[in-house]
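Reader: I would like to know why the labels used for this structure apply. Please set each value against its definition.

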Amino acid sequence: MSPFTSVGHFAARPAGLPLRQTARKVCIGASVAAFGLYLASPFAALWSISSSIQSHDMKALGSAINWGLLDASIKQQALSGMHLLQPASDELPEFGSSFASTAVSNAVDVHVSQANLGTLVDEAIPAVNQTTHDTSALSSLISHASFRFARLDQFEVQVPLPGHQNETPLKVEMRIENWRWKVTKVEFPTQRTPTLTASASPSNA
């Protein structure tokens with residue numbers, strides 16, 4: 001090997017460094033972009049859901065719902081509100097509790113459906129029903145909402161509803177299913193549990 005070929009051999013090595021650096025930058029940029037799209041995806045889904053509610057497009061809204069999981073969550077809330085998830089008491093024998101649970105379950109199956117979705121939305125968010133063509137009404141609700149990722153595949157929204165200041169916010173849970181966010185659970189407002197605060201009075205000397 002001549003001195004010239006030796007110098008040329010070592011001089012050619014740095015030429016590959018810019019290519020590797022460029023490839024690394026492209027990979028990092030693609031990863032950041034993908035992560036940004038992931039963070040934005042539930043908000044895009046919420047915007048689509050809000051638009052469907054505002055325009056009362058129940059077909060589009062229904063396609064964004066996992067009806068099986070939503071049905072189960074509403075049943076649980078209904079049974080819990082009627083205290084039917086607790087062990088049967090003397091006032092309500094086991095047979096009576098089972099009958100009531102079945103009645104509630106059947107009622108949810110009948111009324112929580114695509115056909116009755118418009119009525120459900122109007123009852124859950126009456127402010128939207130009263131001002132269907134007022135885009136500021138829904139925007140105001142969203143501006144007071146809080147958002148968080150409960151898990152990588154689960155996103156939660158809490159919306160304080162007008163006229164329900166003494167109740168918990170409306171809570172909506174979404175999960176990723178087949179690369180799409182879908183509503184899987186809705187928790188309706190309930191009366192807040194009053195918090196007791198103890199005040200210590202100064203002792204008399």
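Author: Start with asparagine 178, which is placed in the loop between β3 and β4. Helices (H or I, at least four residues) and strands (E, at least two) are DSSP runs, numbered from the N terminus. The model is a predicted one, in which local features need pLDDT of at least 70 and side-chain atom pairs count only at pLDDT 80 or more, while totals for chains, interfaces and linings use all residues. Residues are numbered from 1 along each chain as its sequence is written, and side-chain values use heavy atoms, with hydrogens and water left out.

Reader: What makes asparagine 178 count as exposed?

Author: Its relative accessible area is 77%. Buried means under 20%, exposed over 50%, and partly exposed in between (1.4 Å probe, protein chains only). Asparagine 178 is at 77%, so it is exposed. Its phi is near 55 degrees, a positive value in a residue other than glycine.

Reader: Why is histidine 56 called partly exposed?

Author: Histidine 56 has a relative accessible area of 36%, so it falls between the two cut-offs. Histidine 56 is found in the loop between α2 (16-55) and α3 (58-63). Although not a glycine, histidine 56 has a positive phi of about 60 degrees.

Reader: How do you know that lysine 75 is buried?

Author: The relative accessibility of lysine 75 is 18%, which is under 20%, so the label is buried. Lysine 75 lies in helix α4 (residues 67-81). Neighbours within four places in sequence aside, lysine 75 is in contact (heavy atoms within 4.5 Å) with Ser105, Val108 and Asp109.

Reader: What makes β2 and β3 a pair of strands?

Author: Two strands pair if DSSP finds at least two bridges between them. Between β2 (residues 154-159) and β3 (residues 170-177) there are 6 bridges, so they pair, and they run antiparallel. Glutamate 156 stands opposite glutamate 173 in β3. β1 and β2 are also antiparallel, joined by 5 bridges, and form a hairpin with 2 residues between them.

Reader: Why do β1 and β4 count as edges?

Author: The sheet is open, with 4 strands in the order β1-β2-β3-β4 and antiparallel pairing. β1 (146-151) and β4 (180-187) each have a single partner strand, so one side of each is left without a neighbour in the sheet.

Reader: Why is the pair of phenylalanine 149 and phenylalanine 155 called edge-to-face?

Author: Rings of Phe, Tyr and Trp (its six-membered ring) pair if their centres lie within 6.5 Å; planes under 30 degrees apart count as stacked, over 60 as edge-to-face and the rest as tilted. In this pair the centres are 4.8 Å apart and the planes are at 70 degrees, so both conditions are met. Phenylalanine 155 is buried at 1% relative accessibility, whereas phenylalanine 149 is partly exposed at 30%.

Reader: What makes a nonpolar core?

Author: It is a set of buried Ala, Val, Leu, Ile, Met, Phe, Trp, Tyr and Cys residues joined through side-chain atoms within 4.5 Å. The largest here has 28 residues, of which Ile49, Leu61, Met174 and Val183 touch the most other members. α2 gives the most to this core, with 4 residues. Isoleucine 49 is in contact with Leu61, Ala64, Met174 and Val183, leaving aside its neighbours within four places in sequence.
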